[in-house]
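Colleague: Got a minute to go through this one with me?

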Amino acid sequence: MCERLKFNETIDKVVYDQFKKEREHRKQVLFRIIALVKYLAKYNLAFRGTNEKLYQKINGNFLGAIEMFEEFNPIMKDHVRRITNGEIHVHYLGHNIQNEVILLLVDEMMNH
């Protein structure tokens with residue numbers, strides 16, 4: 001056990017490495033979502049349509065832009081693939097996260 005600890009080769013190292021990779025992926029997804037929210041808010045564009053599902057008609061500017069990001073951005077492509085395959089359930093694309101990001105941005109602006 002002491003030898004393994006010296007070389008950072010413990011049993012949970014693989015799990016911890018997977019956790020770090022997933023955390024970084026979600027961080028990158030959130031950076032893109034925040035950038036999109038900032039863009040839509042800056043130009044006073046509507047976020048949502050009448051449908052809140054990817055690849056459905058009238059799903060709004062937010063999800064439409066996510067679909068466009070998916071075509072050109074490998075991080076968003078992987079994220080959307082995970083959503084459509086049912087691999088993840090917390091995907092940060094619902095109206096609650098949109099509202100939360102807007103409120104966080106407003107709070108940050110008010111503090112400055």
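Colleague: Let's talk about helix 4 and what sits around it.

Modeller: Sure. This is a predicted model, where local features need pLDDT of at least 70, side-chain atom pairs count only at pLDDT 80 or more, and totals for chains, interfaces and linings use all residues. Residues are numbered from 1 along each chain as its sequence is written, and side-chain values use heavy atoms, with hydrogens and water left out.

Colleague: Which residues are buried in helix 4?

Modeller: Met76, His79, Val80, Arg82 and Ile83, in a helix that runs over residues 74–84. Buried means under 20% relative accessible area, exposed over 50%, partly exposed in between (1.4 Å probe, protein chains only). Helices are DSSP runs (H or I, at least four residues), numbered from the N terminus.

Colleague: Why are they on the same side?

Modeller: Because they cover an arc of only 155° around the axis, taken from the directions from the helix axis to the C-beta atoms. Pro74 and Thr84 are exposed on the other side of helix 4.

Colleague: What do the buried ones pack against?

Modeller: Helix 2 (13–42) and helix 3 (60–72), with contact meaning heavy atoms within 4.5 Å.

Colleague: And which residues of helix 3 and helix 4 meet?

Modeller: Ile66, Phe69, Glu70 and Phe72 from helix 3 meet Pro74, Met76, Lys77 and Val80 from helix 4.

Colleague: Switching topic, what comes just after helix 4?

Modeller: Gly86, with a positive phi of about 75°.

Methods:
Helix = DSSP H or I, 4+ residues; strand = E, 2+ residues; numbered from the N terminus.
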